[in-house]
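Visitor: Could you take me closely through the surroundings of the ligand, contact by contact, and then through the strands that belong to that part of the picture?

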Amino acid sequence: MLDTRMMPFSLSVTHLLERGRAIHPGSEVVSRLPDKSLHRQTYRDTYERSERLAKALTRLGIGRGDRVATLSWNHRQHLEAYLGVPAMGAVVHTLNLRLFPAEIGYIANHADDKAVIVDRTLFPLFEKFRHEVKSLRHVLCVRDDGGPLPDGALDYEVLLAEEAPTARPDGFGPPAGSPFFHPDEQAAAMVCYTSGTTGNPKGVAYTHRSTVLHALVASMRDNLGVGADDVVMPVVPMFHAAAWGLPYVAWVNGAKVVFPGPHLDPESLLDLMQAERVTFAAGVPTIWNGILAKLDAEPKRWDLSAMRTMVIGGSAAPPAMIRGFAERHGLLVTHAWGMTETNPLGTVASVKANVAERGADAVLHARSSQGLPVAFVETRHVDERGAIMPWDGKTMGELEVRGPWVARSYMGDEGPDRFTADGWFKTGDVVTIDGDGYVRITDRSKDVIKSGGEWISSVALENALMSHPSVLEAAVFAREDSKWGERPVAAIVLRPDQEVTEKELEGHLAPHFVKYWLPDSYVFVPEIPRTSTGKFLKSKLREEYGKS
Ligand code: ADP
């Protein structure tokens, strides 16, 4: 083979850090604190603090490959761990603060976490599981609310203050004496766990390479399209699938980052978006549903003219929401699909030129699909026997994906049945794929409603129900049925001060669906039960309302 003589330069998080310091030192990182005040630091400060963190961790005995966990909201110290821990060859492990303490303990134990960085405001939660984590040697506390240092913890800021930045010439490093180096690109940078809605949570170890490639492809204009002039606000928690890679996407581009901290109610988010002139924000549909309702109620209150797009993913963004933002507030939604197992970005609902030519309805149809696979992610869908289904926009099958940032197995080789013999990952999502390549989720396989041998798409019914003006949220689930096997039932959350009858809802759906798809009944509920990452928890609905 021809020796190409190209440099074997590693695709590492370390380069992202070095680039941020050398090229975008003045870019800002803004964090909102528990008391709602704003803290500002630059990329230069962030680099220096990440290096001090790495030095402190090294002094504590943390070495290459060791797991350093975080139990934190979105803020600058969390970013410092995202950057500094991988750049010293250790592995950052984000713990999901919305899980039950016993689950977090299980995950921290499973990942063999040696140190943990904990927000002081989350210390009461940490206390509930810390003793279960056998491997844990050091607890670093971020005193986010300024309160006293809890017993048995080291003060994050004091540790950093005890270290000095490494002297260096201008330009790219890392210089001699720094704990940073360019690790092998196949070494682990980060560990994330699935939330374990079925069975135990499973760990996915992202490599430096997968993290960097993901950030680069996510940055493409038809994907997230982030540049140095953007102001990026990850509302999606940093413990949920690496905040969809946004900290790294921002950093590789030199974009300003705005972290909302613990204040995730619509009003607080809108205030922050306005004040910091946010151009790009990302979160799950629940967050955006709340924001849309607030904007509808007070349309003139906030100036969001800087906003370029809001990315919605994690569960399906209803077309009515996408249309509502566009038509009533001039705001563009970018719908995206991903999983913890895919680092996480898999598809983005960008609009191809040939689709744009077909007019507004075709554009909305494309924008409300889960989208096109991003470059280097490959998609196919298969039936129960593994046969590959046609890209006709009609035939349903389980989505399988492969690519450079898709897991090839879980940590500890758990869940081997999710990986096919020919090298694809089985997503558990039931989809159609159309001739243009757009993927459309009809269900998660465990939520599919099988009625008389046919599959009914709960997502399609939910989207239609959520386009009714009185309906805030709708979740459609299966009820056992002696004749048909299963029948659909809809759980409905009404908008404040609204009423609607079952008959009206049926009339609203009837023109769009064949008769047997229509829900047999409706239950009106104050809220839909959710998972720790904001998805409808249909198993709970089935338990409560799904028995025949
Ligand atoms: P977990 O599976 O641990 O709850 P993930 O965030 O990894 O957490 O969940 C991935 C799943 O979320 C996908 O398999 C899919 O079912 C769902 N999902 C993600 N994005 C979308 C989307 N845009 N539309 C519909 N479902 C989505």
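**The ligand and its shell**

Guide: A nitrogen atom of the ligand lies 2.9 Å from an N or O atom in the side chain of H335, and since this is a predicted model, that distance, like the others below, is to be read as a computed value. Two further contacts of this kind involve the backbone of the protein: a backbone N or O atom of A336 is found 2.7 Å from a nitrogen atom of the ligand, while a polar backbone atom of A316 is 3.2 Å from a nitrogen atom of the ligand. Taken alone, the ligand would expose 570 Å², and the protein buries 95% of that area.

Looking at the shell as a whole, one finds 19 residues around the ligand, and the closest of them are S195, H240, A336, T340 and D429. By residue class, the shell divides into 11 polar, 5 nonpolar and 3 charged residues. The elements that contribute two or more residues to this shell are β14, which spans 333-338, and β20, which spans 439-444; of these, β14 supplies the largest share, with 4 residues.

Strand β14 also holds T334, whose side chain makes a polar contact of 2.7 Å with the side chain of T309. With a relative accessibility of 8%, T334 counts as buried, because the cut-off for that class is under 20%.

The other strand named for the shell, β20, leads into an open sheet of 4 strands, which are arranged in the order β17-β18-β19-β20 with antiparallel pairing. Within this sheet, β20 and β17 (378-382) are the edge strands, each of them pairing on one side only. Averaged over the sheet, neighbouring strands are turned by 50° against each other, with direction ignored.

As general background, the strands of a sheet pair through backbone hydrogen bonds, and they may do so in parallel or antiparallel fashion. At the β17 edge, the pairing can be followed to individual residues: β17 runs antiparallel to β18, which covers residues 397-402, and 5 bridges join the two strands. One of the residue pairs that can be named here is E378 with R402, the latter being its bridge partner in β18.

To return to the ligand itself, the polar contacts described above thus involve the side chain of H335 and backbone atoms of A336 and A316, and A336 is also listed among the closest residues of the shell.

Notes:
Residues are numbered from 1 along each chain as its sequence is written. This is a predicted model: local features need pLDDT of at least 70, side-chain atom pairs count only at pLDDT 80 or more; totals for chains, interfaces and linings use all residues. Side-chain values use heavy atoms; hydrogens and water are left out. A residue is near a molecule or strand if one of its heavy atoms lies within 4 Å of it. A polar contact is a pair of N or O atoms within 3.5 Å; within protein, one must be able to donate a hydrogen and the other to accept it, and residues adjacent in sequence count only if both atoms are side-chain atoms. Accessible areas come from the Shrake-Rupley method with a 1.4 Å probe; for residues, only the protein chains shown count as cover. Ala, Val, Leu, Ile, Met, Phe, Trp, Tyr, Cys and Pro count as nonpolar, Asp, Glu, Lys and Arg as charged, and the others, Gly among them, as polar. Two strands pair if DSSP finds at least two bridges between them. Axes are lines fitted to C-alpha atoms, for helices over the stretch in contact, and angles run from 0 to 180 degrees between N-to-C directions. Buried means under 20% relative accessible area, exposed over 50%, partly exposed in between (1.4 Å probe, protein chains only).
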